[in-house]
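Grab a coffee and work through these exercises with the structure open beside you. Try each task before you read its solution.

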Amino acid sequence: MAAGKGSHTHRAFLLCNYALLGAASSCIFLTLSLRLLPSPCGLLLLFLHALTAVFSAAGCSGSFTAPATPAQWHNAHTAGAALTAIFQGAVALLAFTRTSDFLAELQSYVRDDDAAVILKMVGGLGTAIFVLEWAALALAFSLRLDDDDGAGDYDNKNWAAASYHV
């Protein structure tokens, strides 16, 4: 591995995680503006955005991508991040394709026209989160793979012994 490649990959990984953190916190505030707190579905939506923010903050701190991190923690973070990405994508899809039904389920107290605009903004951010989350996961895998392979010898890597099980 060249020294510049790892540095650029790490910077891209941090940029993805900071963008994820910003998008997830924006989703939290937009969702709160819908006044959903009595709704169980609204609370789950807030929890999803909060969980996304937690995973991206953990990615920013490097606590799950450092070489000294046990494989089980890295695997748990990877699985959790992949699940939140999938759920964010599903929420975005619902926000764009079934806006009125989704708002009825959320039991918002905001006018329907305003709530639809807010929900579509959440859907747009959810789409961005979906893409950024998968990019961050690919970059984290690349960083972890580069750290495990100190000599840069990709041909003789023992792939069966690698601890990348999800």
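A cavity, as the word is used here, is a set of grid points where a 1.4 Å probe fits but cannot get out. By that rule, there is one cavity of 30 Å³ or more. Keep in mind that this is a predicted model.

**Exercise 1. Get your bearings**

Task: Work out how many helices and strands the protein has, and what percentage of its residues are buried.

Solution:
- Start with the elements: you should find five helices and zero strands. Along the sequence they read α-α-α-α-α.
- Next, burial. Of the 166 residues in the protein, 39% are buried.
- Finally, look at who meets whom. Take the contacts between residues at least 6 apart in sequence: 76% of them join residues at least 24 apart.

**Exercise 2. Inside the cavity**

Task: Find the residues that line the largest cavity, and say how they divide into nonpolar, polar and charged.

Solution:
- The volume of the largest cavity is about 80 Å³.
- Its lining is made of F13, N17, F55, G59, H74, H77, T78, A81, E133, A136, L137 and A140.
- Map these onto helices: α1 (3-33), α2, α3 and α5 each bring at least two residues to the lining.
- Now sort them by type. You get six nonpolar, five polar and one charged. Glu counts as charged, and the lining list includes E133.

**Exercise 3. A serine in α2**

Task: Decide whether S56 is buried or exposed, then find its contacts beyond four places in sequence.

Solution:
- S56 sits in helix α2.
- Its relative accessible area is 1%. Buried means under 20%, so S56 is buried.
- Skip the neighbours within four places in sequence, and S56 is in contact with N17, L20 and L21.
- N17 should ring a bell, as one of the residues lining the largest cavity.

**Exercise 4. The largest pocket**

Task: Which helix gives the most residues to the lining of the largest pocket?

Solution:
- About 250 Å³ of space lies in this pocket. The elements that give two or more residues to its lining are α2 (40-61) and α3 (71-97).
- α3 gives the most, with seven residues.
- The lining has 14 residues, and L44, L45, L48, F87 and V91 are the ones nearest the pocket centre.
- By type, the lining splits into twelve nonpolar, two polar and no charged residues.

**Exercise 5. How α2 meets α4**

Task: Describe how α2 and α4 pack, giving the angle and the distance between their axes.

Solution:
- Two packed helices are described by the angle between their axes and the distance between the axes.
- For α2 and helix α4 (residues 99-106), the angle is about 105° and the axes are 7 Å apart.
- Angles of 65 to 115 degrees count as roughly perpendicular, so that is the label for α2 and α4.
- Where do they meet? C41, G42 and L45 come from α2, while α4 brings F102, E105 and L106. These contact residues divide into four nonpolar, one polar and one charged.
- L45 turns up again here, after its place among the residues nearest the centre of the largest pocket.

**Exercise 6. Around the loops**

Task: Which residues does S39 touch, not counting those up to four places away in sequence?

Solution:
- S39 is in the loop between α1 and α2. At 1% relative accessibility, S39 is buried.
- The residues S39 touches are E105, L106 and Q107.
- S39 and L106 are 67 residues apart along the chain, yet their C-alpha atoms are separated by 6.0 Å.
- Follow Q107 next, in the loop between α4 and α5. Q107 is not a glycine, but it has a positive phi of about 60°.
- At 45% relative accessibility, Q107 is partly exposed.

**Exercise 7. Across from α4 to α5**

Task: Say whether S100 is buried or exposed, and do the same for D113.

Solution:
- S100 belongs to helix α4, and D113 to helix α5 (residues 112-148).
- The cut-off for exposed is over 50%. S100 has 56% relative accessibility, so S100 is exposed. D113 has a relative accessible area of 57%, so D113 is exposed.
- The C-alpha atoms of D113 and S100 are 9.6 Å apart, with their positions 13 residues apart in sequence.
- For S100 and D112, twelve residues apart along the chain, the C-alpha separation is 8.1 Å.

Key
Residues are numbered from 1 along each chain as its sequence is written. This is a predicted model: local features need pLDDT of at least 70, side-chain atom pairs count only at pLDDT 80 or more; totals for chains, interfaces and linings use all residues. Side-chain values use heavy atoms; hydrogens and water are left out. Helices (H or I, at least four residues) and strands (E, at least two) are DSSP runs, numbered from the N terminus. Buried means under 20% relative accessible area, exposed over 50%, partly exposed in between (1.4 Å probe, protein chains only). On a 1 Å grid over the protein atoms alone, a cavity is a set of points where a 1.4 Å probe fits but cannot get out, and a pocket is an open set with protein on both sides within 12 Å along at least five of seven lines; lining residues have an atom within 4 Å of a point. Grid points are joined across faces, edges and corners, and a volume is the space filled by probe spheres set on the points. Contact means heavy atoms within 4.5 Å. Axes are lines fitted to C-alpha atoms, for helices over the stretch in contact, and angles run from 0 to 180 degrees between N-to-C directions. Angles under 35 degrees count as roughly parallel, over 145 as roughly antiparallel, 65 to 115 as roughly perpendicular and the rest as oblique.
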